[in-house]
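Please describe how the two bound ligands are held in this model, and set out their polar contacts for comparison.

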Amino acid sequence: MQSLKQQIAQANLPKHIAIIMDGNGRWAKRQGLARVFGHKQGVQTVHNITEAAAELGIRYLTLYAFSTENWNRPKEEVDALMTLLVDTIALETPTLMNNNVRLLTIGDLSRLPENARRKFIDCIAQTAGNTGLSLVLALSYSSRWEITDMARRIAREAAKGRLTAENIDESTVSAYLTTAGIPDPDLLIRTSGELRISNFLLWQLAYAELYFTDRLWPEFSVEDFYTAIIDYQHRERRFGKTSEQVN
Ligand code: IPE
Ligand code: IPE
Ligand code: MG
């Protein structure tokens with residue numbers, strides 16, 4: 001019997017996997033613990049999945065860590081999440097270096113507390129030369145924020161005469177999103193059984209394959225990750241064409 005890992009076809013790896021890491025609170029509640037313990041356990045999953053992705057040779061892994069709407073959670077939870085982010089980034093930078101992982105962020109970092117923002121900027125600089133996996137953390141991110149920001153920035157360029165309406169095409173839009181330079185995700189995974197996108201990468205997910213699992217993020221294992229990739233590899237991606245055309 002081949003292991004799950006052996007069943008993954010190296011020639012058909014998704015170049016970019018995006019994950020909506022959901023279910024930390026429910027996992028904690030199930031153990032009779034406070035929500036923050038779910039977030040702490042979730043960090044361990046981030047560690048494991050990042051290592052697995054780097055080892056497989058995935059080029060980009062984008063993790064939805066904190067949404068624009070998550071700012072509306074109770075202050076204690078937001079504060080606990082920010083503290084956890086700061087502690088984790090300091091603790092995990094050596095892991096990123098050991099695995100040749102480059103850190104990137106997307107989202108409105110200006111809303112993060114100063115110490116958190118500084119930690120991320122430092123880690124991004126420290127890992128900038130790494131040539132393996134690019135780990136993209138979505139922090140204070142939402143698609144509607146990003147698309148609004150894109151429109152504002154394009155309008156500013158147009159006002160300065162550096163862009164004209166006729167020159168704006170799909171590649172212009174992509175270039176003014178916070179994901180500029182990052183290829184679109186091939187596979188989106190959402191844990192915890194929720195069947196929605198929650199304001200994540202609406203433009204970029206246009207042709208992604210979607211994979212939903214009931215597993216809660218703190219219990220999502222490397223084997224579960226392999227299972228999602230194998231499922232992806234059995235899909236036929238047609239991009240609007242017929243099956244005959246793509247075969
Ligand atoms: C995902 O888990 C982590 C973040 C959104 C920060 P949740 O905290 O949303 O956990 P549930 O969905 O309430 O179980
Ligand atoms: C999406 O999870 C955001 C992140 C995983 C960071 P939520 O738990 O915030 O999403 P909803 O509220 O269930 O849609
Ligand atoms: Mg949730």
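The report below takes up each ligand in turn and then an aromatic pair.

The model is predicted, so that local features need pLDDT of at least 70 and side-chain atom pairs count only at pLDDT 80 or more, while totals for chains, interfaces and linings use all residues. Residues are numbered from 1 along each chain as its sequence is written, chains are lettered from A and ligands numbered from 1 in the order in which they are written, and side-chain values use heavy atoms, with hydrogens and water left out.

Ligand 1 sits in the largest pocket. A pocket is, on a 1 Å grid over the protein atoms alone, an open set of points where a 1.4 Å probe fits, with protein on both sides within 12 Å along at least five of seven lines, and a molecule sits in it if more than half of its atoms lie within 2 Å of its grid points. The shell around ligand 1 (residues with a heavy atom within 4 Å) includes Met21, Asp22, His39 and Leu81. Helix H2 (24-30) and helix H3 (35-56), both of them DSSP runs of H or I with at least four residues, each supply at least two residues of this shell, and H2 gives the most, with three residues.

Ligand 2 also sits in the largest pocket. Its shell takes its largest share, four residues, from strand S2 (residues 60-67), a strand being a DSSP run of E with at least two residues. Tyr64, Phe66 and Ser198 are among the residues around ligand 2.

The table lists polar contacts, which are pairs of N or O atoms within 3.5 Å.

| Ligand atom | Protein partner | Distance |
|---|---|---|
| Ligand 1, oxygen | Gly25, polar backbone atom | 2.9 Å |
| Ligand 1, oxygen | Arg26, polar backbone atom | 2.7 Å |
| Ligand 1, oxygen | Arg73, side-chain N or O atom | 2.7 Å |
| Ligand 2, oxygen | Asp22, side-chain N or O atom | 3.2 Å |
| Ligand 2, oxygen | Arg73, side-chain N or O atom | 3.3 Å |
| Ligand 2, oxygen | Arg190, polar side-chain atom | 3.4 Å |

The protein covers 78% of the 390 Å² of accessible area (Shrake-Rupley method, 1.4 Å probe) that ligand 2 has on its own.

The structure holds six aromatic pairs, in which ring centres lie within 6.5 Å. One of them joins Tyr64 and Tyr141 edge-to-face (planes over 60 degrees apart), at 6.0 Å centre to centre and with 80 degrees between the planes. Because Tyr64 lies in strand S2 and Tyr141 in strand S4 (residues 134-141), this pair ties together parts that are 77 residues apart in sequence.

How values were computed:
A polar contact is a pair of N or O atoms within 3.5 Å; within protein, one must be able to donate a hydrogen and the other to accept it, and residues adjacent in sequence count only if both atoms are side-chain atoms. On a 1 Å grid over the protein atoms alone, a cavity is a set of points where a 1.4 Å probe fits but cannot get out, and a pocket is an open set with protein on both sides within 12 Å along at least five of seven lines; lining residues have an atom within 4 Å of a point. Rings of Phe, Tyr and Trp (its six-membered ring) pair if their centres lie within 6.5 Å; planes under 30 degrees apart count as stacked, over 60 as edge-to-face and the rest as tilted.
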